[in-house]
Amino acid sequence: MSSLALSSDYVPSHALANVRGSAIRDLLKLTEQPHVLSLAGGLPATELIPAERISECAARISADSASLQYTVSAGVHECREAVASYDDVTTPRRVLLTHGSQQALFLLAHALVNPGEMVVVDDPVYVGALQVFQSVRAEVVALPITSAGTDVDALRELLETGARPRIVHTVSNFHNPAGVTATTQTRIELARLADHYGFVVVEDDPYGRLRFTGDDVATIAAHGERVVRLGSASKILAPALRVGWMSGPPEIIAMVELLRQGADLCGSTFSQLIVAELLDDRTWLDNHIARVRDAYRLRAAALATALSREFGDRVEFTRPEGGMFCWARVPGADTSALLAGAVDAGVAYVPGAAFGVRADFGDCLRLSYSALTPDELSEAVRRLSVALLA
Ligand code: PMP
(Lines give C-alpha, C1' and ligand atoms only; values in the text may rest on other atoms or scores of the structure.)
Protein backbone atom coordinates (compact mmCIF):
# COMPACT_ATOMS: atom_id res chain seq x y z
CA MET A 1 0.00 0.00 0.00
CA SER A 2 1.59 3.26 -1.08
CA SER A 3 0.52 6.63 0.25
CA LEU A 4 1.29 8.21 -3.10
CA ALA A 5 -1.32 8.75 -5.75
CA LEU A 6 0.28 7.73 -9.04
CA SER A 7 0.31 10.57 -11.51
CA SER A 8 1.22 10.17 -15.14
CA ASP A 9 3.50 13.20 -14.93
CA TYR A 10 5.38 12.35 -11.78
CA VAL A 11 5.92 8.66 -11.36
CA PRO A 12 7.64 7.60 -8.15
CA SER A 13 10.51 5.13 -8.30
CA HIS A 14 9.71 1.49 -7.58
CA ALA A 15 11.48 1.98 -4.25
CA LEU A 16 9.26 4.88 -3.22
CA ALA A 17 6.08 3.27 -4.54
CA ASN A 18 6.89 0.42 -2.17
CA VAL A 19 6.86 2.66 0.94
CA ARG A 20 3.74 2.65 3.09
CA GLY A 21 2.74 6.05 4.43
CA SER A 22 3.05 6.55 8.17
CA ALA A 23 -0.42 6.67 9.66
CA ILE A 24 1.23 8.22 12.69
CA ARG A 25 2.64 11.23 10.88
CA ASP A 26 -0.79 11.77 9.26
CA LEU A 27 -2.46 11.48 12.65
CA LEU A 28 -0.25 14.06 14.24
CA LYS A 29 -2.01 16.65 12.08
CA LEU A 30 -5.39 15.69 13.52
CA THR A 31 -4.19 15.80 17.08
CA GLU A 32 -3.02 19.37 16.79
CA GLN A 33 -6.60 20.50 17.46
CA PRO A 34 -6.59 22.12 20.89
CA HIS A 35 -9.42 20.06 22.40
CA VAL A 36 -7.67 16.74 21.68
CA LEU A 37 -5.66 15.00 24.37
CA SER A 38 -3.18 13.03 22.32
CA LEU A 39 -1.97 9.60 23.29
CA ALA A 40 -0.86 9.22 19.68
CA GLY A 41 2.49 10.87 18.98
CA GLY A 42 5.70 9.44 20.33
CA LEU A 43 6.80 12.81 21.60
CA PRO A 44 8.92 13.36 24.68
CA ALA A 45 7.34 15.74 27.21
CA THR A 46 7.97 19.26 25.88
CA GLU A 47 8.17 20.80 29.34
CA LEU A 48 10.98 18.39 30.27
CA ILE A 49 13.22 19.38 27.36
CA PRO A 50 16.12 21.22 29.01
CA ALA A 51 15.63 24.39 26.96
CA GLU A 52 17.51 26.72 29.28
CA ARG A 53 20.61 24.58 29.41
CA ILE A 54 20.54 24.00 25.65
CA SER A 55 20.11 27.67 24.93
CA GLU A 56 22.97 28.65 27.24
CA CYS A 57 25.18 26.04 25.54
CA ALA A 58 24.07 27.15 22.08
CA ALA A 59 24.87 30.80 22.77
CA ARG A 60 28.36 30.00 24.01
CA ILE A 61 29.17 27.45 21.30
CA SER A 62 27.94 29.59 18.41
CA ALA A 63 30.16 32.48 19.52
CA ASP A 64 33.01 30.49 17.95
CA SER A 65 32.43 30.53 14.19
CA ALA A 66 34.21 27.17 13.81
CA SER A 67 31.12 25.62 15.39
CA LEU A 68 29.12 26.78 12.36
CA GLN A 69 31.43 25.20 9.81
CA TYR A 70 30.99 21.86 7.97
CA THR A 71 32.34 18.83 9.78
CA VAL A 72 33.54 15.38 8.70
CA SER A 73 30.93 12.82 7.60
CA ALA A 74 31.38 10.61 10.65
CA GLY A 75 30.69 13.59 12.91
CA VAL A 76 32.51 15.94 15.27
CA HIS A 77 35.23 14.06 17.10
CA GLU A 78 34.35 15.41 20.58
CA CYS A 79 30.78 14.21 20.12
CA ARG A 80 31.84 10.77 18.87
CA GLU A 81 34.01 10.54 22.00
CA ALA A 82 31.16 11.68 24.23
CA VAL A 83 28.79 9.12 22.68
CA ALA A 84 31.39 6.35 23.02
CA SER A 85 31.76 7.12 26.70
CA TYR A 86 27.99 7.53 27.26
CA ASP A 87 27.11 4.26 25.53
CA ASP A 88 30.12 2.15 26.61
CA VAL A 89 31.58 1.87 23.12
CA THR A 90 35.26 0.90 23.16
CA THR A 91 36.46 3.59 20.76
CA PRO A 92 35.01 6.64 18.97
CA ARG A 93 36.08 5.03 15.69
CA ARG A 94 33.13 2.67 16.12
CA VAL A 95 30.69 5.61 16.30
CA LEU A 96 29.09 7.58 13.46
CA LEU A 97 26.82 10.54 14.20
CA THR A 98 23.66 10.95 12.18
CA HIS A 99 20.71 13.29 11.75
CA GLY A 100 18.64 11.49 14.39
CA SER A 101 18.84 7.73 14.69
CA GLN A 102 16.23 7.49 11.91
CA GLN A 103 18.94 8.53 9.44
CA ALA A 104 21.24 5.89 10.88
CA LEU A 105 18.60 3.27 10.09
CA PHE A 106 18.12 4.65 6.58
CA LEU A 107 21.84 4.73 5.79
CA LEU A 108 22.44 1.31 7.28
CA ALA A 109 19.69 -0.29 5.19
CA HIS A 110 20.99 1.39 2.05
CA ALA A 111 24.52 0.29 2.83
CA LEU A 112 23.69 -3.37 3.51
CA VAL A 113 20.51 -4.45 1.71
CA ASN A 114 19.90 -5.08 -2.01
CA PRO A 115 16.37 -5.15 -3.49
CA GLY A 116 14.73 -8.50 -2.77
CA GLU A 117 17.06 -9.38 0.12
CA MET A 118 15.44 -10.29 3.40
CA VAL A 119 15.11 -8.14 6.49
CA VAL A 120 13.41 -9.48 9.63
CA VAL A 121 11.38 -7.18 11.86
CA ASP A 122 9.06 -7.57 14.84
CA ASP A 123 5.30 -7.59 14.36
CA PRO A 124 4.05 -5.03 15.45
CA VAL A 125 6.92 -3.05 13.94
CA TYR A 126 8.49 0.35 14.52
CA VAL A 127 6.92 2.06 11.50
CA GLY A 128 9.99 4.18 10.75
CA ALA A 129 12.01 0.98 10.34
CA LEU A 130 9.39 -0.61 8.09
CA GLN A 131 9.44 2.48 5.86
CA VAL A 132 13.22 2.32 5.60
CA PHE A 133 13.26 -1.35 4.68
CA GLN A 134 10.50 -0.81 2.14
CA SER A 135 12.52 2.02 0.62
CA VAL A 136 15.35 -0.39 -0.21
CA ARG A 137 12.77 -2.87 -1.56
CA ALA A 138 13.75 -5.49 0.98
CA GLU A 139 11.68 -8.61 1.44
CA VAL A 140 10.31 -7.79 4.89
CA VAL A 141 9.54 -10.81 7.08
CA ALA A 142 7.78 -10.00 10.34
CA LEU A 143 7.83 -12.32 13.34
CA PRO A 144 5.22 -11.83 16.09
CA ILE A 145 6.95 -10.26 19.06
CA THR A 146 6.76 -12.09 22.39
CA SER A 147 6.83 -10.82 25.96
CA ALA A 148 10.58 -11.71 25.87
CA GLY A 149 11.21 -9.53 22.78
CA THR A 150 11.98 -10.80 19.25
CA ASP A 151 10.74 -14.36 18.81
CA VAL A 152 14.14 -16.05 18.60
CA ASP A 153 12.61 -19.53 18.24
CA ALA A 154 10.65 -18.42 15.17
CA LEU A 155 13.78 -16.70 13.87
CA ARG A 156 15.86 -19.87 14.33
CA GLU A 157 13.23 -21.90 12.49
CA LEU A 158 13.25 -19.39 9.64
CA LEU A 159 17.04 -19.55 9.42
CA GLU A 160 16.96 -23.34 9.48
CA THR A 161 14.74 -23.31 6.37
CA GLY A 162 17.64 -21.61 4.57
CA ALA A 163 16.43 -17.99 4.84
CA ARG A 164 19.38 -15.57 4.96
CA PRO A 165 18.32 -12.11 6.16
CA ARG A 166 20.80 -9.27 5.87
CA ILE A 167 19.38 -7.49 8.89
CA VAL A 168 17.29 -8.42 11.93
CA HIS A 169 15.85 -5.25 13.46
CA THR A 170 14.45 -4.85 16.95
CA VAL A 171 13.83 -2.19 19.56
CA SER A 172 15.49 -3.90 22.51
CA ASN A 173 14.20 -1.72 25.35
CA PHE A 174 10.56 -0.66 25.88
CA HIS A 175 9.64 -1.57 22.33
CA ASN A 176 7.89 0.96 20.13
CA PRO A 177 5.02 0.11 19.89
CA ALA A 178 4.80 -3.20 21.81
CA GLY A 179 6.16 -1.85 25.13
CA VAL A 180 8.16 -5.05 25.86
CA THR A 181 11.86 -5.37 26.70
CA ALA A 182 14.04 -8.16 25.30
CA THR A 183 15.28 -10.56 27.97
CA THR A 184 18.94 -11.42 28.39
CA GLN A 185 18.23 -14.82 26.86
CA THR A 186 16.72 -13.23 23.75
CA ARG A 187 19.68 -10.87 23.43
CA ILE A 188 22.26 -13.63 23.75
CA GLU A 189 20.44 -15.77 21.21
CA LEU A 190 20.09 -12.91 18.71
CA ALA A 191 23.83 -12.20 18.91
CA ARG A 192 24.63 -15.91 18.60
CA LEU A 193 22.36 -16.42 15.57
CA ALA A 194 23.88 -13.33 13.92
CA ASP A 195 27.37 -14.79 14.32
CA HIS A 196 26.29 -18.18 13.08
CA TYR A 197 24.19 -17.08 10.09
CA GLY A 198 26.03 -13.89 9.15
CA PHE A 199 23.33 -11.25 9.48
CA VAL A 200 23.55 -7.94 11.29
CA VAL A 201 21.35 -7.26 14.32
CA VAL A 202 20.18 -3.65 14.39
CA GLU A 203 19.63 -2.86 18.04
CA ASP A 204 17.46 0.24 17.86
CA ASP A 205 17.62 1.70 21.35
CA PRO A 206 16.53 5.32 21.75
CA TYR A 207 14.71 4.61 25.03
CA GLY A 208 17.20 2.50 27.04
CA ARG A 209 18.10 5.27 29.51
CA LEU A 210 14.45 5.90 30.28
CA ARG A 211 14.02 2.85 32.51
CA PHE A 212 11.82 3.73 35.49
CA THR A 213 11.41 0.31 37.04
CA GLY A 214 13.41 -2.93 37.16
CA ASP A 215 17.07 -3.48 36.35
CA ASP A 216 19.02 -2.58 33.22
CA VAL A 217 19.66 -5.49 30.88
CA ALA A 218 23.03 -5.70 29.07
CA THR A 219 22.79 -4.63 25.42
CA ILE A 220 22.67 -7.10 22.53
CA ALA A 221 25.97 -5.58 21.40
CA ALA A 222 27.53 -6.75 24.66
CA HIS A 223 26.95 -10.33 23.49
CA GLY A 224 28.38 -10.30 19.97
CA GLU A 225 30.22 -8.44 17.23
CA ARG A 226 27.63 -8.47 14.45
CA VAL A 227 25.45 -5.87 16.13
CA VAL A 228 24.92 -2.23 15.20
CA ARG A 229 23.44 -0.18 18.00
CA LEU A 230 21.40 2.92 17.29
CA GLY A 231 21.06 5.67 19.87
CA SER A 232 19.66 9.16 19.98
CA ALA A 233 19.69 12.49 21.78
CA SER A 234 16.00 12.90 20.88
CA LYS A 235 14.40 11.29 23.91
CA ILE A 236 16.98 12.31 26.51
CA LEU A 237 17.73 15.87 25.35
CA ALA A 238 15.65 17.20 22.45
CA PRO A 239 14.41 15.79 19.14
CA ALA A 240 15.07 19.08 17.34
CA LEU A 241 18.82 18.78 17.90
CA ARG A 242 18.58 15.94 15.37
CA VAL A 243 21.59 14.10 16.73
CA GLY A 244 21.57 10.33 16.67
CA TRP A 245 24.27 7.76 16.25
CA MET A 246 25.19 4.23 15.31
CA SER A 247 27.95 2.17 16.83
CA GLY A 248 29.28 -1.06 15.48
CA PRO A 249 32.00 -2.81 13.49
CA PRO A 250 34.42 -0.26 11.94
CA GLU A 251 33.91 -1.84 8.48
CA ILE A 252 30.20 -1.01 8.63
CA ILE A 253 30.90 2.47 9.97
CA ALA A 254 33.25 3.06 6.99
CA MET A 255 30.59 1.89 4.51
CA VAL A 256 27.96 4.16 6.01
CA GLU A 257 30.40 7.06 6.13
CA LEU A 258 30.94 6.76 2.37
CA LEU A 259 27.20 6.57 1.67
CA ARG A 260 26.57 9.50 3.96
CA GLN A 261 28.75 11.80 1.84
CA GLY A 262 26.13 11.57 -0.89
CA ALA A 263 23.19 11.79 1.51
CA ASP A 264 23.87 15.08 3.30
CA LEU A 265 27.68 15.47 3.43
CA CYS A 266 27.71 15.71 7.22
CA GLY A 267 25.54 16.41 10.22
CA SER A 268 25.24 19.69 12.11
CA THR A 269 28.55 20.63 13.73
CA PHE A 270 26.67 23.01 15.99
CA SER A 271 24.13 20.46 17.28
CA GLN A 272 26.81 17.81 17.74
CA LEU A 273 28.94 20.20 19.83
CA ILE A 274 25.94 20.93 22.05
CA VAL A 275 25.25 17.21 22.49
CA ALA A 276 28.94 16.53 23.24
CA GLU A 277 28.94 19.10 26.02
CA LEU A 278 25.70 17.84 27.57
CA LEU A 279 26.63 14.15 27.41
CA ASP A 280 29.98 14.97 29.02
CA ASP A 281 28.41 16.86 31.92
CA ARG A 282 27.58 13.59 33.63
CA THR A 283 26.25 15.00 36.90
CA TRP A 284 23.86 17.32 35.12
CA LEU A 285 22.86 14.64 32.61
CA ASP A 286 22.14 12.02 35.26
CA ASN A 287 19.97 14.50 37.19
CA HIS A 288 18.14 15.55 34.06
CA ILE A 289 17.44 11.98 32.92
CA ALA A 290 16.31 11.05 36.44
CA ARG A 291 13.74 13.87 36.26
CA VAL A 292 12.42 12.60 32.92
CA ARG A 293 12.30 9.02 34.20
CA ASP A 294 10.46 10.06 37.36
CA ALA A 295 7.86 11.90 35.33
CA TYR A 296 7.36 8.97 32.95
CA ARG A 297 7.08 6.53 35.87
CA LEU A 298 4.19 8.60 37.26
CA ARG A 299 2.61 8.96 33.85
CA ALA A 300 2.82 5.25 33.01
CA ALA A 301 1.26 4.45 36.38
CA ALA A 302 -1.51 7.02 35.87
CA LEU A 303 -2.30 5.53 32.46
CA ALA A 304 -2.40 1.97 33.87
CA THR A 305 -4.63 3.03 36.76
CA ALA A 306 -7.02 4.84 34.45
CA LEU A 307 -7.16 1.92 31.99
CA SER A 308 -8.04 -0.50 34.77
CA ARG A 309 -10.60 1.90 36.22
CA GLU A 310 -12.36 2.76 32.94
CA PHE A 311 -12.10 -0.54 31.06
CA GLY A 312 -12.00 -3.15 33.82
CA ASP A 313 -11.46 -6.54 32.26
CA ARG A 314 -12.29 -5.28 28.77
CA VAL A 315 -8.68 -4.28 28.13
CA GLU A 316 -5.31 -6.04 28.15
CA PHE A 317 -2.19 -3.88 28.21
CA THR A 318 1.57 -4.06 28.67
CA ARG A 319 3.18 -2.55 31.72
CA PRO A 320 6.38 -1.09 30.27
CA GLU A 321 9.44 -0.79 32.50
CA GLY A 322 10.47 2.42 30.79
CA GLY A 323 10.20 4.47 27.63
CA MET A 324 7.04 6.11 26.36
CA PHE A 325 4.61 3.46 25.09
CA CYS A 326 1.86 1.16 26.29
CA TRP A 327 0.37 -1.39 23.87
CA ALA A 328 -3.25 -2.19 24.60
CA ARG A 329 -5.88 -4.55 23.25
CA VAL A 330 -9.62 -4.06 23.55
CA PRO A 331 -11.05 -7.35 22.25
CA GLY A 332 -13.85 -6.74 19.78
CA ALA A 333 -13.09 -3.03 19.20
CA ASP A 334 -12.13 -1.98 15.66
CA THR A 335 -9.64 0.66 16.69
CA SER A 336 -9.12 2.05 13.17
CA ALA A 337 -12.84 2.55 12.59
CA LEU A 338 -13.33 4.07 16.04
CA LEU A 339 -10.54 6.63 15.79
CA ALA A 340 -12.57 9.41 14.15
CA GLY A 341 -15.17 9.17 16.94
CA ALA A 342 -12.41 9.21 19.54
CA VAL A 343 -10.95 12.40 18.07
CA ASP A 344 -14.44 13.93 18.20
CA ALA A 345 -14.61 12.87 21.85
CA GLY A 346 -11.27 14.67 22.37
CA VAL A 347 -8.70 11.88 22.49
CA ALA A 348 -6.28 10.42 19.93
CA TYR A 349 -4.31 7.20 19.78
CA VAL A 350 -2.62 5.17 17.06
CA PRO A 351 -4.65 2.17 15.89
CA GLY A 352 -2.80 -1.14 16.06
CA ALA A 353 -3.26 -1.67 12.33
CA ALA A 354 -0.68 1.06 11.68
CA PHE A 355 2.01 -1.22 13.11
CA GLY A 356 0.93 -4.55 11.63
CA VAL A 357 3.01 -6.24 8.95
CA ARG A 358 1.54 -9.72 8.81
CA ALA A 359 -0.88 -9.55 11.73
CA ASP A 360 -3.60 -6.89 11.58
CA PHE A 361 -3.80 -5.85 15.26
CA GLY A 362 -7.26 -4.49 14.46
CA ASP A 363 -8.33 -4.42 18.12
CA CYS A 364 -5.03 -3.02 19.43
CA LEU A 365 -3.83 0.51 20.01
CA ARG A 366 -0.63 2.28 20.99
CA LEU A 367 -0.94 4.70 23.85
CA SER A 368 1.88 7.12 24.49
CA TYR A 369 1.91 8.52 28.02
CA SER A 370 5.00 10.73 27.85
CA ALA A 371 3.44 13.98 26.71
CA LEU A 372 0.44 14.24 29.08
CA THR A 373 0.28 14.91 32.82
CA PRO A 374 -1.29 12.28 35.12
CA ASP A 375 -4.53 14.31 35.29
CA GLU A 376 -4.66 14.66 31.53
CA LEU A 377 -4.01 10.92 31.15
CA SER A 378 -6.88 10.13 33.47
CA GLU A 379 -9.23 12.33 31.43
CA ALA A 380 -7.85 11.00 28.12
CA VAL A 381 -8.59 7.41 29.16
CA ARG A 382 -12.09 8.38 30.30
CA ARG A 383 -12.76 9.80 26.82
CA LEU A 384 -11.15 6.73 25.27
CA SER A 385 -13.49 4.40 27.13
CA VAL A 386 -16.49 6.42 25.89
CA ALA A 387 -15.23 6.07 22.30
CA LEU A 388 -14.15 2.43 22.40
CA LEU A 389 -16.74 0.83 24.64
CA ALA A 390 -19.83 2.63 23.38
N1 PMP B 1 13.89 4.24 16.62
C2 PMP B 1 12.76 4.16 17.32
C3 PMP B 1 12.37 2.85 17.90
C4 PMP B 1 11.97 5.29 17.53
O5 PMP B 1 10.84 5.18 18.24
C6 PMP B 1 12.37 6.53 16.97
C7 PMP B 1 11.55 7.79 17.13
N8 PMP B 1 10.23 7.68 17.29
C9 PMP B 1 13.56 6.56 16.23
C10 PMP B 1 14.30 5.40 16.09
C11 PMP B 1 14.07 7.79 15.56
O12 PMP B 1 14.29 8.86 16.41
P13 PMP B 1 15.32 10.02 16.11
O14 PMP B 1 15.55 10.06 14.62
O15 PMP B 1 14.69 11.25 16.62
O16 PMP B 1 16.58 9.66 16.83
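**Exercise 1. The four-stranded sheet**

How many bridges join strand 9 to strand 10, and in which direction do the two strands run relative to each other? Then find the edges of their sheet.

*Solution.* Keep in mind that this is a predicted model.

- Step 1: Look at the pair itself. Strand 9 and strand 10 (residues 325–329) run antiparallel and are joined by two bridges.
- Step 2: Pick out a pair of facing residues. Glu 316 is opposite Arg 329 of strand 10.
- Step 3: Widen the view. The open sheet has four strands in the order 9-10-13-12, with antiparallel pairing.
- Step 4: Read off the ends of that order. Strand 9 (316–317) and strand 12 (350–351) each have a single partner strand, so one side of each has no neighbour in the sheet.

**Exercise 2. The seven-stranded sheet**

Work out the strand order of the seven-stranded sheet, and say which helices lie on its strands.

*Solution.*

- Step 1: Trace the order. Seven strands make an open sheet, arranged 2-8-7-6-5-3-4, and their pairing is mixed.
- Step 2: Find the edges. Strand 2 (95–98) and strand 4 (139–144) pair on one side only.
- Step 3: Check the twist. On average, neighbouring strands here are turned by 20 degrees against each other, direction ignored.
- Step 4: Zoom in on one pair. Six bridges link strand 3 with strand 4 in the parallel sense, and Val 119 faces Val 140 of strand 4.
- Step 5: Add the helices. Helix 5 (residues 100–112) packs on the sheet and touches strand 2, strand 5, strand 6 (200–204), strand 7 (227–232) and strand 8 (244–247). The direction of helix 5 makes about 40 degrees with that of strand 8. Helix 6 lies across strand 3, strand 4, strand 5 and strand 6, and runs at about 160 degrees to strand 3.

**Exercise 3. Two helix pairs**

Describe how helix 7 packs with helix 8, then do the same for helix 4 and helix 10.

*Solution.*

- Step 1: Start with the geometry. Helix 7 (residues 152–160) and helix 8 (residues 184–197) have axes 10 Å apart and pack at an angle of about 15 degrees. Helix 7 is therefore roughly parallel to helix 8, as angles under 35 degrees count as roughly parallel. Their crossing is left-handed.
- Step 2: List the contact residues. Helix 7 brings Val 152, Leu 155, Arg 156 and Leu 159, while helix 8 brings Thr 186, Glu 189, Leu 190, Leu 193 and Tyr 197.
- Step 3: Sort them. This contact of helix 7 with helix 8 holds six nonpolar, one polar and two charged residues.
- Step 4: Turn to the other pair. The axes of helix 4 (residues 77–86) and helix 10 (residues 269–280) come within 8 Å and cross at roughly 35 degrees, again in a left-handed crossing.
- Step 5: List and sort once more. Glu 78, Cys 79, Ala 82, Val 83 and Tyr 86 of helix 4 meet Gln 272, Leu 273, Val 275, Ala 276, Leu 279 and Asp 280 of helix 10. The residues of the contact between helix 4 and helix 10 are eight nonpolar, one polar and two charged.

**Exercise 4. Backbone details in loops**

Locate the cis peptide bonds before Pro 124 and Pro 177, and find what is special about Phe 174.

*Solution.*

- Step 1: From Asp 123 to Pro 124 the peptide bond is cis, with omega near 10 degrees. Pro 124 sits in the loop between strand 3 (118–123) and helix 6 (127–135).
- Step 2: Asn 176 and Pro 177 are also joined by a cis peptide bond, with omega about 15 degrees. Pro 177 is in the loop between strand 5 (167–171) and helix 8.
- Step 3: Phe 174 lies in the loop between strand 5 and helix 8. Phe 174 is not a glycine, yet has a positive phi of about 50 degrees.

Note on methods. Residues numbered from 1 in each chain as written. Predicted model: local features only at pLDDT ≥ 70, side-chain atom pairs only at ≥ 80, totals over all residues. Axes fitted to C-alpha atoms, helices over the stretch in contact; angles between N-to-C directions. Parallel < 35°, antiparallel > 145°, perpendicular 65-115°, else oblique. Left-handed = near helix turned anticlockwise from the far one by under 90°. Contact = placed C-beta atoms within 7 Å. Nonpolar A, V, L, I, M, F, W, Y, C, P; charged D, E, K, R; others polar. Pairing = 2+ DSSP bridges.
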